[in-house]
Amino acid sequence: MYRFDEFEFDPAGAGLRKRGRPIALEPQALQLLEVLIRNRARVVSKDELIADVWHGRAITDAALNTRIRSVRRALGDDGARQRYVKTFPKRGYRFVADVKSCMLPAPARGRKRPGLAAAFAALAVLLVAALFWLWPVQNSAIDSRPSLAVLRFEVLDGQGVQPYFADGLTEDLTTHLARFRELFVISAATMRSYPDDPAAQLRAARDLGVSHALRGSVRRDEGRIRITAELASLPEGRTVWSEQFEREPAGVFAIQDEITRAIAGRLLPEIVLSQAAALTARPTDDPGAWDLFLRGRFQQGILTAEAQTEAVRLARMAAAEDPGFAAARSLEARALGTLFFHGWAAEGRAVLDQAIAAAQAAIRLDGSDPQAHAALGYIYRFTGEAEPAIANLERAAELNPNDARIRLELAHTLDWFRLQERALPEIEMAIRLSPRDPLLHAMYFYKGHILFHLGRYEEALEAARQMRAVAKGPVWQVYAQLLRAANLARLERSQEAQAAVEAALAINPKLSVAAMRKQFEGSKNHPENRRIWLESLQAAGLPVE
(Lines give C-alpha, C1' and ligand atoms only; values in the text may rest on other atoms or scores of the structure.)
Protein backbone atom coordinates (compact mmCIF):
# COMPACT_ATOMS: atom_id res chain seq x y z
CA MET A 1 0.00 0.00 0.00
CA TYR A 2 1.30 3.45 -0.93
CA ARG A 3 -0.01 6.83 0.26
CA PHE A 4 0.69 10.24 -1.33
CA ASP A 5 -1.29 13.45 -0.91
CA GLU A 6 -4.98 12.46 -0.94
CA PHE A 7 -4.35 9.15 -2.72
CA GLU A 8 -4.00 5.54 -1.66
CA PHE A 9 -2.62 2.98 -4.10
CA ASP A 10 -2.91 -0.76 -3.47
CA PRO A 11 -1.47 -2.50 -6.58
CA ALA A 12 -2.50 -5.97 -5.40
CA GLY A 13 -5.97 -5.08 -4.21
CA ALA A 14 -8.19 -2.02 -4.32
CA GLY A 15 -6.17 -0.14 -6.93
CA LEU A 16 -6.11 3.67 -6.86
CA ARG A 17 -8.35 5.62 -4.48
CA LYS A 18 -8.76 9.28 -3.65
CA ARG A 19 -10.12 9.98 -0.18
CA GLY A 20 -11.46 6.42 -0.15
CA ARG A 21 -13.21 6.65 -3.51
CA PRO A 22 -12.01 4.34 -6.30
CA ILE A 23 -10.57 5.91 -9.46
CA ALA A 24 -10.99 3.93 -12.67
CA LEU A 25 -7.75 3.15 -14.52
CA GLU A 26 -6.93 0.72 -17.32
CA PRO A 27 -4.91 -2.32 -16.15
CA GLN A 28 -1.82 -1.20 -18.08
CA ALA A 29 -2.03 2.29 -16.55
CA LEU A 30 -2.23 0.72 -13.05
CA GLN A 31 0.84 -1.42 -13.82
CA LEU A 32 2.69 1.62 -15.12
CA LEU A 33 1.87 3.59 -11.96
CA GLU A 34 3.10 0.71 -9.81
CA VAL A 35 6.41 0.52 -11.69
CA LEU A 36 6.97 4.28 -11.35
CA ILE A 37 6.14 4.37 -7.62
CA ARG A 38 8.18 1.27 -6.86
CA ASN A 39 11.20 2.85 -8.61
CA ARG A 40 10.50 6.42 -7.48
CA ALA A 41 14.10 7.01 -6.36
CA ARG A 42 15.26 7.15 -9.97
CA VAL A 43 14.26 7.83 -13.59
CA VAL A 44 12.63 4.80 -15.23
CA SER A 45 13.49 4.45 -18.91
CA LYS A 46 10.93 3.80 -21.63
CA ASP A 47 12.53 0.42 -22.29
CA GLU A 48 12.05 -0.59 -18.64
CA LEU A 49 8.41 0.47 -18.70
CA ILE A 50 7.79 -1.48 -21.89
CA ALA A 51 9.53 -4.54 -20.44
CA ASP A 52 7.51 -4.43 -17.18
CA VAL A 53 4.09 -3.33 -18.47
CA TRP A 54 3.99 -4.71 -22.01
CA HIS A 55 6.38 -7.61 -21.37
CA GLY A 56 8.76 -6.42 -24.06
CA ARG A 57 6.17 -6.33 -26.88
CA ALA A 58 6.84 -3.75 -29.61
CA ILE A 59 4.64 -0.71 -29.01
CA THR A 60 4.62 2.84 -30.34
CA ASP A 61 5.65 5.89 -28.32
CA ALA A 62 2.06 7.05 -28.76
CA ALA A 63 0.75 3.98 -26.86
CA LEU A 64 3.13 4.66 -23.95
CA ASN A 65 2.21 8.37 -23.96
CA THR A 66 -1.47 7.44 -23.78
CA ARG A 67 -0.94 5.43 -20.59
CA ILE A 68 1.18 8.20 -19.06
CA ARG A 69 -1.65 10.65 -19.80
CA SER A 70 -4.17 8.25 -18.24
CA VAL A 71 -2.15 8.12 -15.01
CA ARG A 72 -1.73 11.89 -14.94
CA ARG A 73 -5.43 12.45 -15.64
CA ALA A 74 -6.41 10.09 -12.80
CA LEU A 75 -4.15 12.04 -10.41
CA GLY A 76 -5.39 15.45 -11.57
CA ASP A 77 -1.99 16.06 -13.14
CA ASP A 78 -0.95 17.04 -16.67
CA GLY A 79 2.14 17.36 -18.84
CA ALA A 80 2.57 21.03 -17.99
CA ARG A 81 2.54 20.82 -14.16
CA GLN A 82 3.99 17.31 -13.75
CA ARG A 83 3.27 17.24 -9.98
CA TYR A 84 3.36 13.45 -9.84
CA VAL A 85 4.86 12.04 -13.03
CA LYS A 86 7.80 14.04 -14.39
CA THR A 87 9.15 13.58 -17.91
CA PHE A 88 12.90 13.55 -18.42
CA PRO A 89 13.40 14.06 -22.17
CA LYS A 90 15.28 11.21 -23.88
CA ARG A 91 15.66 9.45 -20.49
CA GLY A 92 12.23 8.41 -19.21
CA TYR A 93 9.84 9.17 -16.35
CA ARG A 94 9.98 9.48 -12.58
CA PHE A 95 7.32 9.60 -9.85
CA VAL A 96 8.23 12.74 -7.90
CA ALA A 97 5.57 13.11 -5.18
CA ASP A 98 6.35 12.18 -1.55
CA VAL A 99 5.19 8.59 -0.97
CA LYS A 100 4.69 6.64 2.24
CA SER A 101 4.72 2.84 2.13
CA CYS A 102 2.50 1.31 4.79
CA MET A 103 0.53 -1.75 5.78
CA LEU A 104 -3.20 -1.81 5.16
CA PRO A 105 -4.85 0.37 7.83
CA ALA A 106 -6.44 -1.30 10.85
CA PRO A 107 -10.10 -0.58 11.59
CA ALA A 108 -10.54 2.85 13.20
CA ARG A 109 -11.17 3.02 16.97
CA GLY A 110 -13.06 5.99 18.25
CA ARG A 111 -12.98 9.46 16.80
CA LYS A 112 -9.84 11.01 15.40
CA ARG A 113 -8.99 14.68 15.21
CA PRO A 114 -8.62 15.84 11.65
CA GLY A 115 -4.94 16.21 10.77
CA LEU A 116 -3.24 19.03 8.91
CA ALA A 117 -3.34 17.08 5.63
CA ALA A 118 -7.12 16.81 5.82
CA ALA A 119 -7.43 20.50 6.71
CA PHE A 120 -5.22 21.51 3.80
CA ALA A 121 -7.15 19.19 1.48
CA ALA A 122 -10.44 20.81 2.51
CA LEU A 123 -8.95 24.26 2.05
CA ALA A 124 -7.70 23.27 -1.42
CA VAL A 125 -11.17 22.10 -2.42
CA LEU A 126 -12.68 25.40 -1.23
CA LEU A 127 -10.07 27.42 -3.12
CA VAL A 128 -10.64 25.49 -6.34
CA ALA A 129 -14.39 25.93 -5.97
CA ALA A 130 -13.97 29.66 -5.35
CA LEU A 131 -11.74 30.04 -8.39
CA PHE A 132 -14.25 28.13 -10.49
CA TRP A 133 -17.19 30.30 -9.51
CA LEU A 134 -15.33 33.63 -9.49
CA TRP A 135 -13.42 33.14 -12.75
CA PRO A 136 -14.84 35.44 -15.44
CA VAL A 137 -17.08 33.71 -17.98
CA GLN A 138 -16.00 34.08 -21.60
CA ASN A 139 -18.83 35.17 -23.88
CA SER A 140 -17.01 34.51 -27.13
CA ALA A 141 -15.39 31.42 -28.59
CA ILE A 142 -12.00 32.64 -27.36
CA ASP A 143 -10.37 31.85 -24.03
CA SER A 144 -7.89 33.95 -22.06
CA ARG A 145 -4.88 33.24 -24.29
CA PRO A 146 -3.76 35.70 -26.99
CA SER A 147 -5.95 34.85 -29.96
CA LEU A 148 -5.39 35.12 -33.68
CA ALA A 149 -7.10 34.68 -37.03
CA VAL A 150 -4.99 34.31 -40.19
CA LEU A 151 -6.94 36.04 -42.96
CA ARG A 152 -6.76 34.75 -46.52
CA PHE A 153 -3.76 36.23 -48.30
CA GLU A 154 -4.68 38.25 -51.38
CA VAL A 155 -3.30 37.39 -54.81
CA LEU A 156 -2.20 40.68 -56.41
CA ASP A 157 -1.55 41.39 -60.08
CA GLY A 158 1.36 39.41 -61.37
CA GLN A 159 2.24 36.30 -63.29
CA GLY A 160 2.18 32.73 -62.09
CA VAL A 161 0.56 32.88 -58.63
CA GLN A 162 -2.28 30.36 -58.50
CA PRO A 163 -5.06 30.75 -55.91
CA TYR A 164 -4.10 27.41 -54.32
CA PHE A 165 -0.62 28.81 -53.63
CA ALA A 166 -2.03 31.73 -51.62
CA ASP A 167 -4.49 29.41 -49.88
CA GLY A 168 -1.63 27.04 -49.06
CA LEU A 169 0.44 29.89 -47.62
CA THR A 170 -2.51 30.97 -45.45
CA GLU A 171 -3.19 27.44 -44.22
CA ASP A 172 0.45 26.71 -43.44
CA LEU A 173 0.87 29.93 -41.47
CA THR A 174 -2.25 28.97 -39.51
CA THR A 175 -0.82 25.50 -38.84
CA HIS A 176 2.56 26.85 -37.73
CA LEU A 177 1.03 29.36 -35.33
CA ALA A 178 -1.55 26.90 -34.00
CA ARG A 179 1.21 24.68 -32.68
CA PHE A 180 2.01 27.24 -29.99
CA ARG A 181 -0.09 26.10 -27.03
CA GLU A 182 -0.05 29.63 -25.64
CA LEU A 183 -2.05 30.89 -28.65
CA PHE A 184 -5.70 30.33 -29.52
CA VAL A 185 -5.81 30.21 -33.33
CA ILE A 186 -9.01 30.15 -35.39
CA SER A 187 -8.91 27.33 -37.93
CA ALA A 188 -8.20 27.97 -41.60
CA ALA A 189 -11.45 26.16 -42.46
CA THR A 190 -13.52 28.69 -40.55
CA MET A 191 -11.79 31.64 -42.23
CA ARG A 192 -12.33 30.03 -45.65
CA SER A 193 -16.06 29.97 -44.97
CA TYR A 194 -16.18 33.79 -45.13
CA PRO A 195 -16.02 35.79 -48.40
CA ASP A 196 -12.55 36.39 -49.90
CA ASP A 197 -12.95 40.16 -49.71
CA PRO A 198 -10.30 41.52 -47.25
CA ALA A 199 -12.83 43.79 -45.50
CA ALA A 200 -15.21 40.84 -44.99
CA GLN A 201 -12.37 38.72 -43.63
CA LEU A 202 -11.41 41.45 -41.15
CA ARG A 203 -15.05 41.84 -40.04
CA ALA A 204 -15.19 38.07 -39.52
CA ALA A 205 -12.11 38.19 -37.27
CA ARG A 206 -13.74 40.94 -35.20
CA ASP A 207 -16.99 38.95 -34.99
CA LEU A 208 -15.07 35.90 -33.79
CA GLY A 209 -13.64 37.96 -30.93
CA VAL A 210 -9.95 37.38 -31.59
CA SER A 211 -7.38 39.83 -30.25
CA HIS A 212 -5.25 39.92 -33.42
CA ALA A 213 -5.46 39.28 -37.15
CA LEU A 214 -2.69 38.43 -39.62
CA ARG A 215 -3.35 39.60 -43.17
CA GLY A 216 -1.23 39.93 -46.25
CA SER A 217 -0.77 39.59 -49.98
CA VAL A 218 1.33 37.60 -52.42
CA ARG A 219 2.47 38.34 -55.95
CA ARG A 220 5.01 36.99 -58.40
CA ASP A 221 7.18 39.27 -60.51
CA GLU A 222 9.98 38.16 -62.81
CA GLY A 223 10.25 34.77 -61.19
CA ARG A 224 10.40 36.05 -57.59
CA ILE A 225 7.76 35.75 -54.86
CA ARG A 226 6.83 38.93 -53.01
CA ILE A 227 4.84 38.60 -49.79
CA THR A 228 3.56 41.37 -47.54
CA ALA A 229 2.37 40.50 -44.04
CA GLU A 230 0.78 42.64 -41.35
CA LEU A 231 -0.29 41.86 -37.78
CA ALA A 232 -3.17 44.03 -36.53
CA SER A 233 -4.63 44.29 -33.04
CA LEU A 234 -8.43 44.10 -32.85
CA PRO A 235 -11.00 45.52 -32.71
CA GLU A 236 -9.35 48.86 -33.55
CA GLY A 237 -7.21 47.44 -36.38
CA ARG A 238 -3.95 49.09 -35.26
CA THR A 239 -0.86 47.70 -37.00
CA VAL A 240 1.47 45.97 -34.52
CA TRP A 241 3.98 44.67 -37.04
CA SER A 242 4.41 44.60 -40.81
CA GLU A 243 7.08 43.36 -43.17
CA GLN A 244 7.74 42.78 -46.86
CA PHE A 245 9.60 39.74 -48.16
CA GLU A 246 11.05 38.91 -51.55
CA ARG A 247 12.50 35.51 -52.35
CA GLU A 248 13.01 32.94 -55.05
CA PRO A 249 10.05 30.49 -55.09
CA ALA A 250 12.10 27.97 -53.11
CA GLY A 251 12.48 30.53 -50.31
CA VAL A 252 8.78 30.65 -49.40
CA PHE A 253 9.36 28.41 -46.35
CA ALA A 254 11.91 30.85 -44.96
CA ILE A 255 9.30 33.62 -45.28
CA GLN A 256 6.77 31.50 -43.39
CA ASP A 257 9.32 30.92 -40.63
CA GLU A 258 10.15 34.64 -40.34
CA ILE A 259 6.47 35.62 -40.15
CA THR A 260 5.76 32.94 -37.52
CA ARG A 261 8.72 33.97 -35.34
CA ALA A 262 7.85 37.66 -35.63
CA ILE A 263 4.26 37.08 -34.48
CA ALA A 264 5.35 34.73 -31.70
CA GLY A 265 7.76 37.40 -30.49
CA ARG A 266 5.03 40.02 -30.30
CA LEU A 267 2.18 37.92 -28.92
CA LEU A 268 4.12 35.47 -26.79
CA PRO A 269 7.02 37.21 -25.06
CA GLU A 270 7.21 34.38 -22.54
CA ILE A 271 8.08 31.84 -25.22
CA VAL A 272 11.72 31.06 -25.80
CA LEU A 273 11.85 31.83 -29.50
CA SER A 274 14.26 29.02 -30.20
CA GLN A 275 11.16 26.83 -29.83
CA ALA A 276 9.84 28.36 -33.04
CA ALA A 277 12.51 26.61 -35.10
CA ALA A 278 11.19 23.20 -34.06
CA LEU A 279 7.59 24.21 -34.66
CA THR A 280 8.16 25.64 -38.13
CA ALA A 281 10.52 23.15 -39.73
CA ARG A 282 10.42 23.18 -43.50
CA PRO A 283 8.35 20.35 -44.97
CA THR A 284 10.46 20.16 -48.15
CA ASP A 285 13.16 22.10 -49.99
CA ASP A 286 11.81 21.03 -53.38
CA PRO A 287 9.44 23.65 -54.93
CA GLY A 288 8.08 21.09 -57.40
CA ALA A 289 7.17 18.67 -54.62
CA TRP A 290 5.56 21.50 -52.68
CA ASP A 291 3.42 22.53 -55.66
CA LEU A 292 2.25 18.93 -56.19
CA PHE A 293 1.43 18.68 -52.47
CA LEU A 294 -0.66 21.88 -52.51
CA ARG A 295 -2.62 20.63 -55.52
CA GLY A 296 -3.15 17.28 -53.82
CA ARG A 297 -4.29 18.87 -50.58
CA PHE A 298 -6.82 20.93 -52.51
CA GLN A 299 -8.20 17.75 -54.13
CA GLN A 300 -8.35 15.93 -50.81
CA GLY A 301 -10.73 18.59 -49.53
CA ILE A 302 -13.31 17.56 -52.18
CA LEU A 303 -15.40 14.59 -51.02
CA THR A 304 -15.67 12.56 -54.23
CA ALA A 305 -14.00 9.32 -55.29
CA GLU A 306 -12.38 11.08 -58.25
CA ALA A 307 -10.90 13.88 -56.14
CA GLN A 308 -9.54 11.46 -53.52
CA THR A 309 -7.96 9.30 -56.24
CA GLU A 310 -6.34 12.39 -57.74
CA ALA A 311 -5.09 13.43 -54.30
CA VAL A 312 -3.40 10.03 -53.91
CA ARG A 313 -1.76 10.41 -57.33
CA LEU A 314 -0.45 13.93 -56.61
CA ALA A 315 0.75 12.96 -53.11
CA ARG A 316 2.69 10.02 -54.52
CA MET A 317 4.24 12.27 -57.19
CA ALA A 318 5.28 14.75 -54.48
CA ALA A 319 6.84 11.93 -52.43
CA ALA A 320 8.68 10.68 -55.52
CA GLU A 321 10.10 14.20 -56.07
CA ASP A 322 11.25 14.38 -52.43
CA PRO A 323 11.37 10.98 -50.65
CA GLY A 324 11.85 12.75 -47.30
CA PHE A 325 8.61 14.78 -47.62
CA ALA A 326 6.57 13.48 -44.65
CA ALA A 327 3.49 15.62 -45.33
CA ALA A 328 3.10 14.05 -48.77
CA ARG A 329 2.89 10.57 -47.23
CA SER A 330 0.36 11.86 -44.65
CA LEU A 331 -1.76 13.27 -47.47
CA GLU A 332 -1.58 9.95 -49.33
CA ALA A 333 -2.67 8.09 -46.16
CA ARG A 334 -5.57 10.45 -45.53
CA ALA A 335 -6.89 10.18 -49.11
CA LEU A 336 -6.56 6.37 -49.11
CA GLY A 337 -8.39 6.21 -45.78
CA THR A 338 -11.22 8.32 -47.18
CA LEU A 339 -11.50 6.02 -50.22
CA PHE A 340 -11.76 3.02 -47.88
CA PHE A 341 -14.24 4.61 -45.46
CA HIS A 342 -16.71 5.61 -48.17
CA GLY A 343 -16.46 2.29 -50.00
CA TRP A 344 -14.93 3.88 -53.09
CA ALA A 345 -12.07 1.37 -53.35
CA ALA A 346 -12.62 -1.96 -55.09
CA GLU A 347 -9.93 -3.69 -53.01
CA GLY A 348 -10.86 -2.36 -49.59
CA ARG A 349 -8.41 -4.21 -47.33
CA ALA A 350 -5.49 -3.63 -49.70
CA VAL A 351 -6.22 0.10 -49.76
CA LEU A 352 -6.45 0.15 -45.96
CA ASP A 353 -3.05 -1.57 -45.70
CA GLN A 354 -1.57 0.99 -48.12
CA ALA A 355 -3.02 3.82 -46.00
CA ILE A 356 -1.47 2.41 -42.80
CA ALA A 357 1.89 1.97 -44.52
CA ALA A 358 1.83 5.57 -45.85
CA ALA A 359 0.96 7.02 -42.42
CA GLN A 360 3.65 4.96 -40.69
CA ALA A 361 6.18 6.12 -43.31
CA ALA A 362 5.21 9.74 -42.61
CA ILE A 363 5.80 9.26 -38.87
CA ARG A 364 9.17 7.64 -39.52
CA LEU A 365 10.13 10.69 -41.62
CA ASP A 366 8.80 13.23 -39.12
CA GLY A 367 7.55 12.00 -35.76
CA SER A 368 6.49 15.55 -34.82
CA ASP A 369 4.04 15.96 -37.74
CA PRO A 370 0.54 16.11 -36.21
CA GLN A 371 -1.14 15.24 -39.51
CA ALA A 372 0.87 12.02 -39.77
CA HIS A 373 -0.33 10.87 -36.33
CA ALA A 374 -3.87 12.04 -37.06
CA ALA A 375 -3.95 10.10 -40.33
CA LEU A 376 -2.70 6.92 -38.65
CA GLY A 377 -5.21 7.24 -35.80
CA TYR A 378 -8.04 7.91 -38.26
CA ILE A 379 -7.14 4.78 -40.22
CA TYR A 380 -6.67 2.50 -37.20
CA ARG A 381 -10.24 3.30 -36.17
CA PHE A 382 -11.46 1.29 -39.16
CA THR A 383 -9.49 -1.76 -38.02
CA GLY A 384 -11.13 -1.72 -34.58
CA GLU A 385 -7.79 -1.20 -32.80
CA ALA A 386 -8.70 1.30 -30.10
CA GLU A 387 -5.31 1.78 -28.45
CA PRO A 388 -3.23 2.88 -31.50
CA ALA A 389 -6.18 4.83 -32.92
CA ILE A 390 -6.67 6.92 -29.76
CA ALA A 391 -2.97 7.18 -28.94
CA ASN A 392 -2.05 8.60 -32.34
CA LEU A 393 -4.92 11.10 -32.36
CA GLU A 394 -4.08 12.24 -28.83
CA ARG A 395 -0.47 12.68 -29.92
CA ALA A 396 -1.67 14.73 -32.91
CA ALA A 397 -3.73 16.96 -30.59
CA GLU A 398 -0.68 17.43 -28.36
CA LEU A 399 1.43 18.48 -31.34
CA ASN A 400 -1.22 20.88 -32.66
CA PRO A 401 -3.74 21.68 -29.92
CA ASN A 402 -5.56 24.25 -32.09
CA ASP A 403 -6.47 21.98 -35.02
CA ALA A 404 -10.26 21.62 -35.01
CA ARG A 405 -10.26 18.71 -37.46
CA ILE A 406 -7.90 16.70 -35.24
CA ARG A 407 -10.17 17.39 -32.25
CA LEU A 408 -13.18 16.29 -34.32
CA GLU A 409 -11.49 13.03 -35.31
CA LEU A 410 -10.34 12.38 -31.75
CA ALA A 411 -13.89 12.95 -30.45
CA HIS A 412 -15.36 10.69 -33.15
CA THR A 413 -12.82 7.97 -32.37
CA LEU A 414 -13.43 8.10 -28.61
CA ASP A 415 -17.18 7.95 -29.30
CA TRP A 416 -16.55 5.07 -31.75
CA PHE A 417 -15.01 3.00 -28.96
CA ARG A 418 -17.68 4.04 -26.40
CA LEU A 419 -15.57 6.50 -24.43
CA GLN A 420 -18.12 9.31 -24.53
CA GLU A 421 -17.04 11.04 -21.30
CA ARG A 422 -13.63 11.66 -22.84
CA ALA A 423 -15.10 12.48 -26.26
CA LEU A 424 -17.38 15.33 -25.14
CA PRO A 425 -14.72 17.95 -24.22
CA GLU A 426 -12.88 17.20 -27.48
CA ILE A 427 -15.91 17.87 -29.69
CA GLU A 428 -16.76 21.00 -27.71
CA MET A 429 -13.19 22.28 -28.26
CA ALA A 430 -13.46 21.52 -31.99
CA ILE A 431 -16.56 23.71 -32.23
CA ARG A 432 -14.90 26.51 -30.25
CA LEU A 433 -11.81 26.42 -32.46
CA SER A 434 -13.74 26.47 -35.75
CA PRO A 435 -17.25 27.89 -35.25
CA ARG A 436 -17.85 28.25 -39.01
CA ASP A 437 -16.09 25.12 -40.17
CA PRO A 438 -17.41 23.48 -43.36
CA LEU A 439 -17.72 20.33 -41.24
CA LEU A 440 -19.66 22.08 -38.47
CA HIS A 441 -22.71 19.92 -39.25
CA ALA A 442 -20.59 16.81 -38.54
CA MET A 443 -19.30 18.36 -35.31
CA TYR A 444 -22.85 18.96 -34.10
CA PHE A 445 -23.90 15.45 -35.12
CA TYR A 446 -21.09 13.80 -33.15
CA LYS A 447 -21.75 16.11 -30.20
CA GLY A 448 -25.40 15.03 -30.25
CA HIS A 449 -24.45 11.37 -30.66
CA ILE A 450 -22.03 11.58 -27.71
CA LEU A 451 -24.65 13.27 -25.52
CA PHE A 452 -27.22 10.66 -26.57
CA HIS A 453 -25.00 7.83 -25.31
CA LEU A 454 -24.37 9.77 -22.09
CA GLY A 455 -28.12 9.90 -21.50
CA ARG A 456 -28.23 13.72 -21.82
CA TYR A 457 -31.11 13.69 -24.27
CA GLU A 458 -32.30 17.31 -24.02
CA GLU A 459 -28.78 18.57 -24.71
CA ALA A 460 -28.50 16.13 -27.61
CA LEU A 461 -31.72 17.56 -29.06
CA GLU A 462 -30.19 21.04 -28.91
CA ALA A 463 -27.16 19.75 -30.83
CA ALA A 464 -29.54 18.27 -33.42
CA ARG A 465 -31.27 21.64 -33.74
CA GLN A 466 -27.93 23.38 -34.30
CA MET A 467 -26.97 20.70 -36.81
CA ARG A 468 -30.15 21.21 -38.83
CA ALA A 469 -29.39 24.92 -39.04
CA VAL A 470 -26.04 24.33 -40.77
CA ALA A 471 -26.48 20.98 -42.60
CA LYS A 472 -26.91 21.59 -46.31
CA GLY A 473 -26.87 18.16 -47.99
CA PRO A 474 -29.73 15.65 -47.78
CA VAL A 475 -27.53 12.96 -46.15
CA TRP A 476 -26.74 15.15 -43.14
CA GLN A 477 -30.36 16.35 -42.89
CA VAL A 478 -31.35 12.68 -42.59
CA TYR A 479 -28.77 12.19 -39.81
CA ALA A 480 -30.14 15.26 -38.02
CA GLN A 481 -33.67 13.86 -38.08
CA LEU A 482 -32.48 10.43 -36.91
CA LEU A 483 -30.57 12.08 -34.07
CA ARG A 484 -33.78 13.87 -33.06
CA ALA A 485 -35.83 10.67 -33.35
CA ALA A 486 -33.52 8.57 -31.18
CA ASN A 487 -33.42 11.16 -28.40
CA LEU A 488 -37.15 11.88 -28.51
CA ALA A 489 -37.83 8.14 -28.24
CA ARG A 490 -35.66 7.97 -25.10
CA LEU A 491 -37.63 10.89 -23.66
CA GLU A 492 -40.88 9.01 -24.50
CA ARG A 493 -42.09 11.86 -26.72
CA SER A 494 -43.54 9.36 -29.18
CA GLN A 495 -45.43 11.65 -31.55
CA GLU A 496 -42.45 13.97 -32.03
CA ALA A 497 -40.15 10.98 -32.52
CA GLN A 498 -42.47 9.56 -35.19
CA ALA A 499 -42.59 12.95 -36.95
CA ALA A 500 -38.77 13.06 -37.04
CA VAL A 501 -38.67 9.56 -38.55
CA GLU A 502 -41.23 10.59 -41.20
CA ALA A 503 -39.11 13.65 -42.04
CA ALA A 504 -36.08 11.38 -42.53
CA LEU A 505 -38.11 8.94 -44.68
CA ALA A 506 -39.33 11.82 -46.85
CA ILE A 507 -35.69 12.45 -47.78
CA ASN A 508 -34.64 8.77 -48.00
CA PRO A 509 -37.60 6.36 -48.34
CA LYS A 510 -35.25 3.32 -48.23
CA LEU A 511 -34.34 3.88 -44.58
CA SER A 512 -34.99 0.96 -42.23
CA VAL A 513 -33.50 -0.66 -39.14
CA ALA A 514 -32.42 -3.65 -41.24
CA ALA A 515 -30.69 -1.43 -43.81
CA MET A 516 -28.81 0.44 -41.09
CA ARG A 517 -27.86 -2.82 -39.35
CA LYS A 518 -26.44 -4.11 -42.62
CA GLN A 519 -24.50 -0.87 -43.07
CA PHE A 520 -23.00 -1.36 -39.60
CA GLU A 521 -21.99 -4.99 -40.24
CA GLY A 522 -18.52 -4.12 -41.52
CA SER A 523 -18.03 -1.45 -38.88
CA LYS A 524 -15.55 -1.98 -36.07
CA ASN A 525 -17.18 0.46 -33.66
CA HIS A 526 -18.49 -0.58 -30.25
CA PRO A 527 -21.44 -3.04 -30.54
CA GLU A 528 -23.23 -1.40 -27.60
CA ASN A 529 -23.28 1.90 -29.52
CA ARG A 530 -24.99 0.15 -32.44
CA ARG A 531 -27.47 -1.74 -30.27
CA ILE A 532 -28.72 1.28 -28.32
CA TRP A 533 -28.89 3.46 -31.44
CA LEU A 534 -30.91 0.96 -33.49
CA GLU A 535 -33.23 0.07 -30.61
CA SER A 536 -34.00 3.76 -30.08
CA LEU A 537 -34.72 4.35 -33.78
CA GLN A 538 -36.99 1.30 -33.88
CA ALA A 539 -38.84 2.62 -30.81
CA ALA A 540 -39.18 5.98 -32.60
CA GLY A 541 -41.01 4.25 -35.47
CA LEU A 542 -38.31 3.57 -38.06
CA PRO A 543 -39.51 0.59 -40.16
CA VAL A 544 -37.82 -2.70 -39.25
CA GLU A 545 -37.53 -3.83 -42.88
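A residue counts as partly exposed when its relative accessible area lies between the limits for buried, under 20%, and exposed, over 50%. Glu154 has a relative accessible area of 35% and is therefore partly exposed. The model described here is predicted. This briefing covers the surroundings of Glu154, the aromatic pairs, the charges placed over rings, and the nonpolar cores.

**Glu154 and its surroundings**

- Glu154 is located in strand E9, which spans residues 154–155.
- Outside its neighbours within four places in sequence, Glu154 has contacts with Pro198, Gly216, Ser217 and Val218.
- The C-alpha atoms of Glu154 and Ala166 are 7.0 Å apart in space, and the two residues are 12 residues apart in sequence.

**Aromatic pairs and an aromatic cluster**

- A pair of aromatic rings is described by the distance of the centres and the angle of the planes.
- Across the whole structure, 19 aromatic pairs are found.
- In the pair of Tyr84 and Phe95, the ring centres are 6.2 Å apart and the planes stand at 35°, so this pair is tilted.
- Tyr84 belongs to the loop between helix H3 (61–74) and strand E5 (85–88), whereas Phe95 belongs to strand E6 (residues 92–95); the pair therefore ties together parts that are 11 residues apart in sequence.
- Both partners are buried: Tyr84 has a relative accessibility of 2%, and Phe95 has one of 1%.
- One aromatic cluster is formed by Phe445, Tyr446, Phe452, Tyr457, Trp476, Tyr479 and Trp533.

**Charges over rings**

- Lys86 places its charged end over the ring of Phe88, at 5.7 Å from the ring centre.
- Over the face of Trp416 lies Arg381, 5.3 Å from the centre of the ring.

**Nonpolar cores**

- In soluble globular proteins, nonpolar side chains tend to be buried together.
- The largest nonpolar core in this model comprises 91 residues.
- The residues with the most contacts inside this core are Ile379, Ile427, Met443, Leu482, Met516, Trp533 and Leu537.
- Helix H18 (residues 440–453) contributes the most to this core, giving 9 residues.
- Apart from neighbours within four places in sequence, Met516 is in contact with Leu482, Trp533, Leu534, Leu537 and Leu542.
- Trp533 is thus named in two settings: it is a member of the aromatic cluster, and it is listed among the residues with the most contacts inside the largest core.
- A second core, separate from the largest one, has 28 residues, including Leu33, Val44, Ile50 and Phe95.
- Phe95, a member of this second core, is also the ring partner of Tyr84 in the tilted pair.

Notes:
Residues are numbered from 1 along each chain as its sequence is written. This is a predicted model: local features need pLDDT of at least 70, side-chain atom pairs count only at pLDDT 80 or more; totals for chains, interfaces and linings use all residues. Side-chain values use heavy atoms; hydrogens and water are left out. Rings of Phe, Tyr and Trp (its six-membered ring) pair if their centres lie within 6.5 Å; planes under 30 degrees apart count as stacked, over 60 as edge-to-face and the rest as tilted. Helices (H or I, at least four residues) and strands (E, at least two) are DSSP runs, numbered from the N terminus. Buried means under 20% relative accessible area, exposed over 50%, partly exposed in between (1.4 Å probe, protein chains only). A charge sits over a ring if NZ of Lys or CZ of Arg is within 6 Å of the ring centre and within 35 degrees of the ring normal. A nonpolar core is a set of buried Ala, Val, Leu, Ile, Met, Phe, Trp, Tyr and Cys residues joined through side-chain atoms within 4.5 Å. Contact means heavy atoms within 4.5 Å.
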